[in-house]
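I opened the model to look up a few local features. My notes are kept short.

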Amino acid sequence: MTETPTGSAEGAGADAPPHDRTVLLRRGEVHSPADPFATAMVVERGHIAWVGSEGAADAFADGVDEVVDLDGALVTPAFTDAHVHTTATGLALTGLDLSGATSLADALALVRAHAAARPADRVLLGHGWDAARWPERRAPRREELDAATAGRPLYLSRIDVHSAVVTTALLDLVPGVRDRAGFQAGEPLTRDAHHAVRAAALGAITPTQREEAQRAALRHAASLGIGSVHECAGPEISSPEDLTGLLELARREPGPRVAGYWADTDLALARELGAVGAAGDLFVDGALGSHTACLHAPYADAAHTGTAYLDAAAVAAHVAACTEAGLQAGFHAIGDAAVAAVTEGVRAAAEKLGIARIRAARHRVEHAEMMDADSIAAFAELGLTASVQPAFDAAWGGADGMYADRLGADRARTLNPYAAMLKAGVALAFGSDSPVTPLDPWGTVRAAAFHRTPEHRISVRAAFTAHTRGGWRALGRDDAGTLVPGAPADYALWHTDELVVQAPDDRVARWSTDPRSGTPGLPDLTPGRELPVCLGTYVGGRAVHVRPQR
């Protein structure tokens, strides 16, 4: 097939704006529950107008503004990434990214090169180091970074963004930081010390730099078939100006839709900023890699149980306030003790306001990694959406992974139990937490379908739904994220090999591929196979990415 489907404009509507045009796409594979054998689709005024067979498409050909020959391409709903930090993603794409560093020495060499290449930057910024992957098994020391930067201010966030290493020059810009919680000489910064230094580092970014980073991130997302992102902003992560600037950029320029969350208990400010919820990374705890996720039992490699930022009473108060204000509430919770605090708090709010109001609000929890049977049942009962990141398991799961280092093999095997969550009726929305793990939607679907712990695997179809329709449902929208008449025309075109149905149970897979089942196929995501290539991404019927022809 051709690299990019071709189209021809026909009729009097050829000069109409792209999103107002009526377009017939035909001779492809359209992934739609409306017709599992669809090969054609009509888009009209930014919405799906019809999905059906090639023969029926002839009836539309003379009445549309444009006919696109898909030449066998797969058409799917555009992906939604339900947890993104857009500016940080753009900075990682355009600046110092240490996620590929293979050793401490390699990381320091990258820092030296970046410092030499950016002599005018007030503060040098980098992201992505992970000492657990290095043979030295330790973070860069402050004196090493001072030498590598020739004494300039430098901020390097760990891959989970819950700790950082910095230079002496940056510490000197934050008065009193050495007296804050989370500061230990010779150790990465965590907790309040980290938040204060991060604010100083990000505050050095100019508005122009910020917008360039945001634009780079959104363009990259569009090139991967992502039509929507949920920006998880907040006072400890970014700034009000960062969120409002991003929302304005998304309104001004064609690209993925952006739904903004503001992680704060100040509901008036959340509304003023244009956020859809006082949710996202409202921290109940930290992260496993930084030893700040809050656990019931101590870490396997540290004699403590992590950090608790909010308790059940604080959760209850926030959920009740948001529910009464008509706003979505949400929290960041990774450790089992943090997840328990969330469920206890939401249940207390339900006892005050009634469970029907709590369920209708669709409050959400980011990450929700350490889930046991009780917490899974509570999520289902309370209507909580689990906004989860399957790439975390791909990166840190398994017997030799970081999770096992932190928790021991037995506890590590319980993490991210997607199959049990789906079976219980918990709503899943998939994302990346980029730049923690990269924007990579098909890789995310693969990570869930081929989870490192086999009993937690789900079908490719279920994972795909969580990464498309699941993100819309997390926003309270049940009419989007699928290619059916009336839905927003947010879709992507793909070059891929033969379509199949993959499920953890081979008996299900065999029946699903039988034509009598009416199950639409998806690309084969078996590890080792090439992932689909995005040929184009469309939001509201408007092209936001078209792959150049070669």
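These entries cover one helix, some backbone outliers, one sheet and one buried side chain.

**Entry 1: helix α10.** The model is predicted. I started with α10, residues 312-325. I wanted to know whether its length was regular or irregular. At 1.5 Å a residue, its 14 residues should span 20 Å. The end C-alpha atoms are 20 Å apart, so the expected and computed spans agree.

Next I listed which residues of α10 are buried. They are Ala312, Val315, Ala316, His318, Val319, Ala320, Cys322 and Thr323. Spacings of three or four places were worth a thought here. An α-helix has 3.6 residues a turn, so residues three or four places apart point the same way.

What covers these buried residues? I found that the cover includes α9 (267-272) and β15 (277-278) on the N-terminal side of the sequence. It also includes β16 (328-333), α11 (336-353) and α12 (355-361). Just after α10, Gly326 takes a positive phi of about 75 degrees.

**Entry 2: backbone outliers.** I then scanned phi and omega. Most residues other than glycine have a negative phi, and most peptide bonds are trans. Ala150 is not a glycine, yet its phi is positive, about 55 degrees. I placed Ala150 in the loop between α4 (142-149) and β11 (154-158). Is Ala150 buried or exposed? Its relative accessible area is 71%, so Ala150 counts as exposed.

His291 also has a positive phi, near 60 degrees, and is a residue other than glycine. His291 sits in the loop between β15 and α10.

For omega, I noted the bond joining Ser434 and Pro435. This peptide bond is cis, with omega about 15 degrees. Pro435 belongs to the loop between β19 (427-430) and α18 (441-449).

**Entry 3: the sheet.** I traced an open sheet of five strands with mixed pairing. Its order is β3-β7-β20-β23-β24. Which strands are at the edges? They are β3 (29-30) and β24 (542-546), each pairing on one side only.

Inside the order, I checked β7 (residues 74-77) against β20 (residues 491-495). The two run antiparallel and are joined by four bridges. Pro77 stands opposite Tyr491 in β20.

**Entry 4: Met402.** I found Met402 in helix α15 (residues 402-407). Its relative accessible area is 6%, so Met402 is buried. What does Met402 touch, leaving aside neighbours within four places in sequence? Its contacts are Ala132, Arg158, Leu288, Gly289 and Trp396. I also took one distance: Met402 and Val445 are 43 residues apart in sequence and 21 Å apart in space, C-alpha to C-alpha.

Technical notes
Residues numbered from 1 in each chain as written. Predicted model: local features only at pLDDT ≥ 70, side-chain atom pairs only at ≥ 80, totals over all residues. Heavy atoms only, no water. Expected span 1.5 Å × (residues − 1). Buried < 20%, exposed > 50% of the residue type's maximum accessible area, 1.4 Å probe, protein only. Contact = heavy atoms within 4.5 Å. Pairing = 2+ DSSP bridges.
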